[in-house]
Amino acid sequence: MKLHPLLVCVPLILFSACTRQGLVSIAREDHFALEIGRLEDQIDLYNLEGGRSNRKTSLAMRDGLFYIADGNGGKVVHYTSYGDLLFMIYNEKTNPPPLTLRTDVETEGVGTRGAFPYPLEEPGNITVDTRKHIYVEDRLPYERRSFDTENRIIEDAIVLHFDANGRFVEYLGKEGIGGSPFPKIERISVSVQDEFAVVCRMPTGWNIYWYDAEGVLLYFLPLRNEIIPTPPDRMPVFPSIDTIAVSPDSRKLFIKVDYYRETFDESTNTKLGAEPDSSVIWMMNVEDGTYSGTIEVPFFEHHVTENNRRITEKLLYSLLGAVKNDRVLLIFPVEDGYSIMILSVNPHEQRRGFIQVKDEELQYNAFYISAEGILSALLATDFQAKLVWWRTDRLLEEGSPL
């Protein structure tokens, strides 16, 4: 059953005292929680019935509304910020019959609190456009999968398109509507004018497919490992693409590349391994594949004491996503939560902060950054999953703490 909303009436205090090595602590708003289970207002986060491996659970937030793709449960659910379930798209074979949602909603017209059957196999990444149309990753049955012999990878993913009321519109593959399956999908993201991108990762590199709002393929960008850009002053280093984010308000990609250098034992000149050298986000124009700028990513510095010596470890942030006006949000796990950082091409716009996540809420995390910069999350304990957000967009306001 649905739990009552948590703390929704508590006034927002955005910034509390500076903590965690001087980071600004951003107040958290807890909206509601879901019990673990298989009913329509529960989430099958841990696959309680067994028989299948644990699958991805992902989250999207648009205009204060939450959308969850429950991979174990084989369903997509849509909630208000108060935890009211508006509709569910579900696989009848893996879900019990709905108890509170109508299954007889008319095919046309606006339906509220409806349950719509669809044979979801394994819903994964999810995103929502300005029309409230839902795009969700799914996997094909075994007999419909294909094998790319050139890249030696299984292609078994598609993107399902549902309208704002939860009704199926079409499925998309590489070529667009009804196309062939994708390789491994890393993320799907909505961009300017409800265009959307599918970012795929392969052993040989990355493929990015860019579509218009009607599902027509506009651009295809293959990024191969051997042509990853390297700043001329970083040689010799070894580049590795960490992840690729999609701009929400332009035809642009943000490609985070981490650079490593070999380490040696100076006394024997023996190679010891590799360590991080630097991290750069390259901005790419989707229309012509050219690079339009870079964003230098500083290390997260962790101070430790070894043998009575103070040592500074330089660690790499993870790119969570892009927000409007060519900004990106990065994250790094620390004690009691995460250190976050917002960067842009202007180094003076750098903002840092801290978000609290309790130890017992770390059983499973799913984060989502909105185009405006609001950071939402699904935080799981052993018994429930909480839907929360932090108004990290306020960090971007003029005069906010650096």
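**Exercise 1. Describe the overall make-up of the protein chain in this predicted model.**

Solution. Start with the secondary structure: the protein chain has zero helices and 33 strands. Next, take burial. The chain holds 402 residues, and 54% of them count as buried. Then turn to the surface, where the accessible area is about 18800 Å², with 50% of it belonging to carbon and sulfur atoms. Last, consider contacts in the chain between residues at least 6 apart in sequence: 50% of these join residues at least 24 apart.

**Exercise 2. Give the strand order of the open sheet formed by five strands, and state which strands stand at its edges.**

Solution. The order is S4-S3-S33-S32-S31, and the pairing is mixed. Strand S4 (42-43) and strand S31 (364-369) are the edge strands; each has a single partner strand, so one side of each lacks a neighbour in the sheet. For S4, the pairing can be followed to the residue. Strand S3 (residues 28-36) and S4 run parallel and are joined by two bridges. One residue to look at is Ile36, whose bridge partner in S4 is Ile43.

**Exercise 3. Locate the largest nonpolar core and list the contacts of Leu378.**

Solution. The largest nonpolar core has 43 residues, and Ile68 and Leu378 are those with the most contacts inside it. Leaving out residues up to four places away in sequence, Leu378 touches Ile43, Leu45, Thr57, Leu59, Ile68, Tyr364, Asn365, Ala366, Ala385, Lys386 and Leu387. Another core, of 20 residues, lies apart from the largest one; Ala197, Val199, Ile244 and Val286 are among its members.

**Exercise 4. Which strands each supply at least two residues of the lining of the largest pocket, and which lining residues are closest to its centre?**

Solution. Begin with the volume: about 1100 Å³ of space lies in the largest pocket. It is lined by 47 residues, and the closest to the centre are Arg187, Leu320, Phe367, Tyr368 and Ile369. The strands that each supply at least two lining residues are S5 (57-62), S10 (126-128), S17 (185-190), S21 (238-246), S27 (318-323), S28 (327-334) and S31. S31 also appears in Exercise 2, as an edge strand with a single partner.

**Exercise 5. Determine how S5 is covered and how it pairs with S6.**

Solution. Count the buried residues first: six of the six residues of S5 are buried. Then split the strand by face. Thr57, Leu59 and Met61 lie on one side, Ser58, Ala60 and Arg62 on the other, and all are buried, so both faces are covered. For the pairing, S5 and strand S6 (residues 65-70) run antiparallel, with six bridges between them. Ala60 has Tyr67 as its bridge partner in S6. The two strands form a hairpin with two residues between them, and Asp63 in the turn has a positive phi of about 55°.

**Exercise 6. Are Thr127 and Thr381 buried or exposed, and what does each touch?**

Solution. The cut-off for buried is under 20% relative accessible area.

- Thr127 lies in strand S10. Its relative accessible area is 2%, so Thr127 is buried. Neighbours within four places in sequence aside, Thr127 is in contact with Ala60, His133, Ile134, Tyr135, Ile188, Ser189, Val190 and Tyr368.
- Thr381 is in the loop between strand S32 (375-380) and strand S33 (384-390). With 10% relative accessibility, Thr381 counts as buried. Not counting residues up to four places away in sequence, Thr381 touches Tyr46, Glu360, Glu361 and Gln363. Thr381 and Lys358 are 23 residues apart in sequence, and their C-alpha atoms are 9.4 Å apart.

**Exercise 7. Trace the hairpins that link S14, S15 and S16.**

Solution. Take the S14-S15 pair first. Strand S14 (residues 157-162) and strand S15 (residues 168-173) run antiparallel and are joined by four bridges. Leu160 has Tyr171 as its bridge partner in S15. Five residues lie between the two strands of this hairpin, and Gly166 in the turn has a positive phi of about 90°. Now move on to S15 and S16. Two bridges join S15 to strand S16 (residues 176-177), and the two run antiparallel. In S16, Gly176 is the bridge partner of Gly173. The hairpin from S15 to S16 passes through two residues.

Note on methods:
Residues are numbered from 1 along each chain as its sequence is written. This is a predicted model: local features need pLDDT of at least 70, side-chain atom pairs count only at pLDDT 80 or more; totals for chains, interfaces and linings use all residues. Side-chain values use heavy atoms; hydrogens and water are left out. Buried means under 20% relative accessible area, exposed over 50%, partly exposed in between (1.4 Å probe, protein chains only). Contact means heavy atoms within 4.5 Å. Accessible areas come from the Shrake-Rupley method with a 1.4 Å probe; for residues, only the protein chains shown count as cover. Two strands pair if DSSP finds at least two bridges between them. A nonpolar core is a set of buried Ala, Val, Leu, Ile, Met, Phe, Trp, Tyr and Cys residues joined through side-chain atoms within 4.5 Å. On a 1 Å grid over the protein atoms alone, a cavity is a set of points where a 1.4 Å probe fits but cannot get out, and a pocket is an open set with protein on both sides within 12 Å along at least five of seven lines; lining residues have an atom within 4 Å of a point. Grid points are joined across faces, edges and corners, and a volume is the space filled by probe spheres set on the points.
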